[in-house]
Amino acid sequence: MTQARKNATPSEIEKFSSMASHWWDPEGDLKTLHQINPLRLSLIDKTVSLNGKEILDVGCGGGILSESMAVKGATVTGIDLGKDLLDVADLHRLDSGVSVNYQLTSVEDFAEQKANSFDCVTCMELLEHVPDPGSIIKACAALVKQDGYVFLSTLNRNPKSYLLSIIGAEYVLGMLPKGTHDYASFIKPSELALWARQAGLELIDSRGIEYNPIKRSFSMTHDISVNYICVFKKPSQHR
Ligand code: SAH
């Protein structure tokens, strides 16, 4: 086993793999990902103009974001460490007729073969599930081309986030299976920004994704206190 492969928590991969068969059920365990996908897709498309671009989706799971970016005309590669998830992603892509190249590899290993290859790298809802998020961010930064974009999303670590994303989403509203998230692994925007800066990325935008329990819908906001997405650029002088 390589050093890179160790930057994964096997029980986390197993947890997501156990959801593989419901991945594409819009009312199933991954309902939240289905609901937020149009919002994050729109942010990515507005920022990078997906049509004709080379995109890497790190921790693609069953392919919800990967497929939607391919539908917008991007050439998409999706990588994950969950084999069952990639099988589901592959079956779904065959069914929907959308072209996505799925590969079972760690992002650190992939960065050794494909440095500076992608116009944009997305890594959504993964960083709070790994032992060393900084290593994932460093590999994402290596994979993106100069002047390319990296999108990272995760959960902020504060009492409000604990209340809404664990107590609210998992226990009160039942939006996510119980045990989906571990509060101690949540990431403050300042921590994310530091790892990104150390990897040579510049922060250009950050947005929150907010849930309205009355309307039962999500919207994009500038409040990054709970679930948030940061957009980074790799400057052209970066080596
Ligand atoms: N990014 C997708 C799926 C999020 S669920 C989306 O937002 O729609 C988290 C995913 O991260 C799962 O597919 C899980 O298998 C994957 N994952 C967890 N640790 C990983 C690691 N170290 N490397 C790659 N993928 C990982």
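Begin by selecting the ligand together with the shell of residues around it, which by class has 11 nonpolar, three polar and three charged residues. Bear in mind throughout that this is a predicted model.

Next, label the residues that come nearest to the ligand: of the 17 around it, these are Asn7, Arg40, Gly59, Asp80 and Met124. Three of these can be taken one at a time. At glycine 59, a polar backbone atom is 2.6 Å from a nitrogen atom of the ligand. At aspartate 80 the side chain is involved, with one of its N or O atoms 2.7 Å from an oxygen atom of the ligand. At methionine 124, turn back to the backbone, where a polar atom is 2.8 Å from a nitrogen atom of the ligand. If you now show the surface, you can follow how the protein buries 99% of the 570 Å² that the ligand exposes when taken alone. Colour helix H1 (10–17) and helix H2 (31–48) as well, since these are the elements that give two or more residues to the shell around the ligand.

Now move to the sheet and select its eight strands, which form an open sheet in the order E3-E2-E1-E4-E5-E8-E6-E7, with mixed pairing. Strand E3 (100–104) and strand E7 (217–221) stand at the edges, and because each has a single partner strand, one side of each is left without a neighbour in the sheet. Looking across the strands, you will find that the twist averages 20 degrees from one strand to the next.

Within this sheet, pick out strand E1 (residues 54–58) and strand E4 (residues 118–124), which pair in the parallel sense over four bridges; here aspartate 57 stands opposite threonine 122 in E4. Then add helix H3 (residues 64–71), which packs on the sheet and touches E1, strand E2 (75–80), E3 and E4, its direction making about 150 degrees with that of E3. Helix H4 (residues 83–96) also packs on the sheet, touching E2 and E3, and its direction makes about 165 degrees with that of E3.

Finish with strand E6 (residues 202–212), which runs antiparallel to strand E8 (residues 227–233) and is joined to E8 by seven bridges; arginine 207 stands opposite isoleucine 229 in E8. E6 is also joined to E7, again in the antiparallel sense, by five bridges, and asparagine 212 stands opposite serine 217 in E7. For the last selection, take the four residues between E6 and E7, which form a hairpin, and look at arginine 216 in the turn, where phi is positive at about 55 degrees.

Note on methods:
Residues are numbered from 1 along each chain as its sequence is written. This is a predicted model: local features need pLDDT of at least 70, side-chain atom pairs count only at pLDDT 80 or more; totals for chains, interfaces and linings use all residues. Side-chain values use heavy atoms; hydrogens and water are left out. A residue is near a molecule or strand if one of its heavy atoms lies within 4 Å of it. A polar contact is a pair of N or O atoms within 3.5 Å; within protein, one must be able to donate a hydrogen and the other to accept it, and residues adjacent in sequence count only if both atoms are side-chain atoms. Accessible areas come from the Shrake-Rupley method with a 1.4 Å probe; for residues, only the protein chains shown count as cover. Ala, Val, Leu, Ile, Met, Phe, Trp, Tyr, Cys and Pro count as nonpolar, Asp, Glu, Lys and Arg as charged, and the others, Gly among them, as polar. Two strands pair if DSSP finds at least two bridges between them. Axes are lines fitted to C-alpha atoms, for helices over the stretch in contact, and angles run from 0 to 180 degrees between N-to-C directions. Contact means heavy atoms within 4.5 Å.
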